[in-house]
Amino acid sequence: MLGWELPPHNSGGLGTACYQLCKALAKKDLDIEFILPYQADHGINFMNITAAHPQGVSEVIRSGIAYDSYKYIKDDGSVEWVGIYEQQRLYEEAVASIVGEKEFDIVHAHDWLTFKAALRVKRIKNCPIILHVHSIESDRAGNNPGNPLVREIEELALHMADRVIAVSRHTKNAIVKEYGVPADKIEVVHNSIEPGDLSPLDDSNAYQYLTMMKSLGYRVVVNIGRLTIQKGLPNLLYAAKTVIEHAPRTLFLIVGSGEQYYELIEQAAGLGIGDKVLFTDFQRGKTWRDAYAIGDLFVMPSVSEPFGLTPLEAIGYGTPALVSKQSGVSEVLRNCLKVDFWDINEMANQIAAVVQNDSLRDELLANSSQEYNQLSWDMASDKVESLYRSHAVGTA
Amino acid sequence: MKKAIVLYLHVHQPYRIRHYTVFDSGLNHNYFDASYQAQESNERILKKVAEKSYLPTNARLLKLLRKHPDFKISLSITGTVIEQLEKWSPDALQSFKDLCNTGQVELVAETYHHSLAFFYSRAEFEMQVDMHRRKIQEVFGQTPQVFRNTELAYNNDLAIWADRAGYKGILTEGWDPILEWRSPNFVYRPTYTNQLRLLMKNYKLSDDIAFRFGDSEWAEWPLTADKFSHWLSEDKDATNFNLFMDYETFGEHQWKESGIFDFLDHLPKEWLSNEDHTFMSVSEVIDSFEPVGQIDVSKTITWADTERDLSAWIGNAMQDNSIHALYALQDKVIGTNDLELIEDWRRLQTSDHFYYMCTKWFNDGDIHAYFSPYETPYEAYINFMNAFRDVQYRLAEKGVDV
């Protein structure tokens with residue numbers, strides 16, 4: 001398997017999805033070798049993890065988010081920062097040089113950063129490749145075309161692949177529309193969540209102010225995610241303005257960082273709701289969990305969300321969700337509110353309904369919790385395993 | 001009558017807000033207590049400014065006042081800086097008292113908290129002016145006769161207020177669109193007032209010292225006391241040259257290395273070498289000259305930026321939002337009678353907090369960046385709003401509906 005990140009060194013959902021999928025697949029008596037571009041201790045024992053170092057490099061250190069430069073420490077001790085395209089190329093070379101000695105039946109690669117490496121392996125070993133699409137460039141660019149260099153890699157690789165996995169119908173449709181890949185070559189395998197894997201809450205919430213305000217009858221709407229164009233936060237703030245006009249005791253908690261951070265702060269102030277919108281910057285650990293828990297409603301207003309794990313995490317922490325229809329998770333989660341990302345009035349209407357009606361909130365939560373507790377990655381791994389068996393040559 | 005230099009210096013330090021997060025709101029009420037090493041540590045900054053500016057400048061001023069009985073200065077000192085001097089630099093506070101004891105220094109009235117309360121709450125504004133007057137009486141034994149509003153923010157309404165409150169004079173910017181063909185170098189009378197007199201800053205001459213002095217790119221650099229006195233004496237008709245600036249010009253905005261202290265050392269002697277020249281305090285100049293005309297200011301002006309308006313404080317949405325949110329709590333906060341809570345709410349009114357949120361870049365941005373302890377205006381806004389939320393929290397704790 002070719003991947004770009006794994007927890008705890010992941011920058012987002014990609015690493016978590018790879019980890020959970022592999023963990024579920026490992027239960028099926030499959031041997032997985034996961035090749036990463038960097039060296040790290042993951043505490044994972046259900047598969048082999050190999051770091052693909054380019055020649056002459058002793059260590060690769062990740063920094064920040066997936067698209068940042070990596071630090072390459074060379075054998076002679078010198079240090080070089082490498083940009084994303086160059087990393088992708090180096091990864092391809094490194095993978096090509098290590099697969100020669102290895103035996104395997106199938107190559108499963110996750111997202112564009114690993115796709116060229118997968119094509120290279122196909123050429124060397126003539127083995128089938130399955131490309132797993134967690135997001136495509138137009139998702140990340142918020143429905144704009146995005147970066148043409150990335151598009152070129154995605155288009156070429158997806159056409160060359162033996163099989164494509166999309167994390168949702170939404171993503172499958174996007175692949176067909178953007179790249180003209182035949183629909184019957186694309187299998188939808190939805191992401192999922194392992195309810196037992198969420199770290200538990202403790203008995204005090206870090207958001208003291210919000211706790212107090214809730215006791216005074218305020219209600220809290222939460223969003224957690226990167227503050228980037230794909231996530232659709234400006235629409236949530238426009239909706240917030242309307243909600244606050246009707247239900248003044250509503251507070252909005254925006255957790256995350258990203259290139260829209262300052263823009264969103266100014267937008268909230270410009271709408272005259274600066275005192276009702278709290279920005280916390282990026283959080284992890286307890287303050288991240290407590291943000292889910294403090295909410296009365298979690299809203300994911302994404303413009304384009306291939307899957308979207310955060311609403312499921314919110315439910316896991318006791319907060320029902322409103323998700324945009326332009327998300328993969330809306331295909332699997334029944335007991336949640338759904339709205340088109342562009343329909344600000346309807347978004348406001350639904351938020352206002354929940355914050356003004358605790359029994360609606362509680363009913364949504366009770367039902368979505370039931371649904372949540374039945375979720376697991378086993379269904380995903382079953383589908384992936386059968387894809388492997390239909391493509392692999394020489395497997396038992 | 002002799003021509004007078006009216007040197008007026010403004011002394012102020014705010015209580016800067018520390019890095020204060022949403023997780024502090026409700027938990028820690030110490031918004032103003034940054035760790036000593038932090039950028040926004042009030043104690044560290046106060047001590048630095050005392051050492052670089054207040055102490056060396058006052059030492060010189062005291063010598064000059066003793067040497068030249070005709071040398072006069074006017075000072076406004078905010079309540080928030082007096083408190084900080086009391087706590088962290090009693091020596092510097094004593095040096096201000098020593099200046100006042102010469103009898104050649106006049107203190108000017110203003111709001112205790114250096115706030116923009118006049119534009120948001122008349123009752124709160126009057127309370128802060130009263131607090132300031134009492135503090136000045138207690139610490140310096142003087143009762144101010146002349147008023148200056150925060151940032152020299154001024155309009156006709158303020159003049160009417162000051163006239164009724166019994167002040168003899170008021171200060172503002174000598175802004176060209178207001179003065180039109182007239183010169184700032186005279187005493188004026190605000191429209192709609194009777195007894196009040198208006199002194200308008202000569203910003204060209206003031207900024208030669210306050211902003212341009214250390215700029216080696218400036219065509220007039222280096223500026224000497226001799227050259228400066230010569231410029232002033234070229235205006236044959238003028239009665240008074242209103243040089244208004246931040247006190248911290250001396251040693252802090254203009255560093256010692258720029259030669260600013262030498263300039264100060266030589267200015268009284270150079271100017272007074274002509275027997276038709278003198279210095280006057282703000283009251284003296286008002287008592288000495290009849291007003292030459294009326295000044296009408298219907299829209300608020302200030303002494304800041306190229307716009308000379310309040311846009312550096314309330315020009316963007318973050319500033320507008322946060323200041324309105326703060327004043328909206330007035331009745332609730334005052335109603336608690338909790339002196340600590342009321343004082344924290346007042347410290348949040350200090351105009352500097354809103355100045356740090358300013359997003360005007362380019363020409364003005366340089367100076368904003370220089371005066372802000374925060375990396376970005378957004379950081380300033382977030383800290384402020386979290387402190388605001390803590391005030392809300394403390395009200396809620398007392399059972400006040402928020």
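Two residues count as being in contact when their heavy atoms come within 4.5 Å. With that in hand, the predicted model can be walked through, starting with one helix of chain A and moving out to the interface.

Helix H9 of chain A runs over residues 261-270, and its buried residues are A:Tyr261, A:Leu264, A:Ile265, A:Gln267, A:Ala268 and A:Ala269. A bit of helix geometry helps here: an α-helix has 3.6 residues a turn, so residues three or four places apart point the same way. What do the buried residues of H9(A) pack against? Within chain A, they meet helix H8 (233-246) and strand E12 (277-281). They also pack against H12 and H17 of chain B, so this helix has partners in both chains. Just after H9(A) comes A:Gly272, with a positive phi of about 75 degrees.

That leads straight to the interface. Here 23 residues of chain B are in contact with 27 residues of chain A. The size of an interface is often given as the accessible area lost when the parts come together. Between chain B and chain A, the buried area is about 2100 Å², and carbon and sulfur atoms give 65% of it. On the chain B side, B:Phe23, B:Tyr378 and B:Arg389 lose the most area to chain A, and together they make up 30% of what that side buries.

How many salt bridges are counted between chain B and chain A? The count is one, and it pairs the side chains of A:Arg249 and B:Asp401, with 2.8 Å from N to O. Polar contacts between chain B and chain A add up to 12 residue pairs, both residues being at pLDDT 80 or more. Helices H12 (317-328) and H17 (377-397) of chain B each supply at least two residues of the side that touches chain A. H17(B) gives the most to that side, with 10 residues. Sorted by class, the side of chain B that touches chain A has 14 nonpolar, six polar and three charged residues.

Stepping back to chain A as a whole, there are 15 helices and 15 strands. Its radius of gyration is 22 Å, close to the 21 Å that the globule rule gives for 396 residues, so chain A is as compact as a globular protein of that length. The C-alpha trace of chain A spans about 65 × 45 × 40 Å along its principal axes. Of the 396 residues of chain A, 56% count as buried. Among contacts in chain A between residues at least 6 apart in sequence, 65% join residues at least 24 apart.

A few backbone oddities round things off. Most residues other than glycine have a negative phi, and most peptide bonds are trans. A cis peptide bond, though, joins A:Pro7 and A:Pro8, with omega about 5 degrees; A:Pro8 sits in the segment before helix H1 (13-26) of chain A. Another cis bond joins B:Trp221 and B:Pro222, with omega about -5 degrees, and B:Pro222 lies in the loop between helices H7 (203-210) and H8 (225-233) of chain B.

Positive phi values turn up too. A:Asn143 has a phi near 75 degrees and belongs to the loop between helices H4 (137-140) and H5 (148-160) of chain A. B:Asn337 has a positive phi of about 60 degrees, in the loop between helices H13 (330-335) and H14 (339-347) of chain B. Is B:Asn337 buried or exposed? Its relative accessibility is 62%, so B:Asn337 counts as exposed.

Note on methods. Residues numbered from 1 in each chain as written. Chains lettered and ligands numbered in written order. Predicted model: local features only at pLDDT ≥ 70, side-chain atom pairs only at ≥ 80, totals over all residues. Heavy atoms only, no water. Buried area = accessible area lost by both parts, 1.4 Å probe. Salt bridge = Lys/Arg side-chain N within 4 Å of Asp/Glu carboxyl O. Polar contact = N/O pair within 3.5 Å; in protein donor to acceptor, adjacent residues only side chain to side chain. Helix = DSSP H or I, 4+ residues; strand = E, 2+ residues; numbered from the N terminus. Nonpolar A, V, L, I, M, F, W, Y, C, P; charged D, E, K, R; others polar. Rg over C-alpha atoms; globule rule 2.2 N^0.38 Å. Buried < 20%, exposed > 50% of the residue type's maximum accessible area, 1.4 Å probe, protein only.
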